Amino acid sequence: LERAVAALGRRDARTFEQLVALRRIIRAELLPTLVDAVGEAGDPRGLAFLAEVLYWSEPLALDIMSQIPRLGASGDVTLDEGMRVRLRPYLAADRAGHCRAAVTALAALRALEAIPGFVALLASEDRGLVQNAHWALKELTGLSFSPEPEAWARWHQSELSWAVRSKARELQRLQS
């Protein structure tokens with residue numbers, strides 16, 4: 001089933017629309033297989049199905065977050081933003097597996113608003129979380145600071161200060 005759905009997803013984008021439409025009647029025990037198939041298809045349009053499953057089947061959150069890096073952002077601003085908002089609460093270090101998956105998923109979705117959460121994770125006792133958060137910060141920013149939270153916190157604060165001071169003026173200059 002997984003291979004068949006993935007093959008359909010690679011050949012016909014309507015597959016994902018059909019999965020979303022059928023989600024309510026799909027048997028619960030088939031959902032993990034379908035989530036994996038959407039990831040295997042590798043089509044960002046599959047994010048709509050993953051978002052739908054996450055909304056209705058919270059226990060599959062780890063499986064869903066694990067597939068998002070295979071898809072990336074969908075290109076639908078509302079869908080991508082909704083998924084980023086839905087995943088940010090998983091940045092809590094008390095559930096390390098979920099947190100690691102959330103870090104990689106949020107980085108794949110280009111969740112710049114998750115940067116403060118990533119910076120906070122740099123102070124974690126869990127070396128894996130620190131490594132994931134550091135990777136995500138470098139991936140999103142293009143910077144290569146060490147994994148010390150202080151350096152990233154200073155940089156982030158300076159970016160926020162710039163946005164408050166200069167962003168409107170610079171956007172106005174671009175428009176002119």
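## A tour of an all-helix chain, from surface to pocket

Begin with the whole chain shown as a surface: it exposes about 9900 Å², and carbon and sulfur atoms supply 54% of that area. Keep in mind throughout that this is a predicted model.

Now switch to a cartoon view, in which the chain shows 10 helices and 0 strands. Turn the model slowly, and the C-alpha trace spans about 50 × 50 × 25 Å along its principal axes. Of the 176 residues, 42% count as buried. If you consider contacts between residues at least 6 apart in sequence, 61% of them join residues that are at least 24 apart.

Next, look at the charged side chains, since a search of the whole structure finds 12 salt bridges, and three of them make good stops.

- Select Glu 52 and Arg 24, whose side chains meet in a salt bridge at 4.0 Å, N to O. Glu 52 belongs to helix α4 (residues 47–56), while Arg 24 lies in the loop between α2 (14–22) and α3 (31–41), so that the pair links parts of the chain 28 residues apart. Arg 24 has a relative accessible area of 63% and is exposed, because exposed means over 50%.
- Move on to Arg 86 and Glu 58, where the salt bridge is 2.9 Å, N to O. Here Arg 86 sits in helix α6 (residues 77–87) and Glu 58 in the loop between α4 and α5 (61–71), again 28 residues apart. Arg 86 is partly exposed, with a relative accessible area of 29%, and Glu 58 is partly exposed as well, at 36%.
- Then select Arg 88 and Glu 113, which form a salt bridge with their closest N and O atoms 2.9 Å apart. Arg 88 is in the loop between α6 and α7 (96–108), and Glu 113 is in the loop between α7 and α8, 25 residues away. Add Glu 81 and Arg 84 to the selection, and you have one network of salt bridges that share partners, joining these two residues with Arg 88 and Glu 113.

Stay with Glu 113, because this partly exposed residue, with a relative accessible area of 33%, is also one of those that line the largest pocket. Which other residues line this pocket? Select Leu 112, Ile 115, Pro 116, Leu 140, Thr 141, Trp 155, His 156, Glu 159 and Leu 160 to complete the lining, which divides into 6 nonpolar, 2 polar and 2 charged residues. Colour the helices α8 (115–121), α9 (127–141) and α10 (149–175), each of which supplies at least two lining residues; α10 gives the most, with 4. The pocket that they help to line has a volume of about 180 Å³.

Conventions:
Residues are numbered from 1 along each chain as its sequence is written. This is a predicted model: local features need pLDDT of at least 70, side-chain atom pairs count only at pLDDT 80 or more; totals for chains, interfaces and linings use all residues. Side-chain values use heavy atoms; hydrogens and water are left out. On a 1 Å grid over the protein atoms alone, a cavity is a set of points where a 1.4 Å probe fits but cannot get out, and a pocket is an open set with protein on both sides within 12 Å along at least five of seven lines; lining residues have an atom within 4 Å of a point. Grid points are joined across faces, edges and corners, and a volume is the space filled by probe spheres set on the points. Ala, Val, Leu, Ile, Met, Phe, Trp, Tyr, Cys and Pro count as nonpolar, Asp, Glu, Lys and Arg as charged, and the others, Gly among them, as polar. Buried means under 20% relative accessible area, exposed over 50%, partly exposed in between (1.4 Å probe, protein chains only). Contact means heavy atoms within 4.5 Å. Accessible areas come from the Shrake-Rupley method with a 1.4 Å probe; for residues, only the protein chains shown count as cover.
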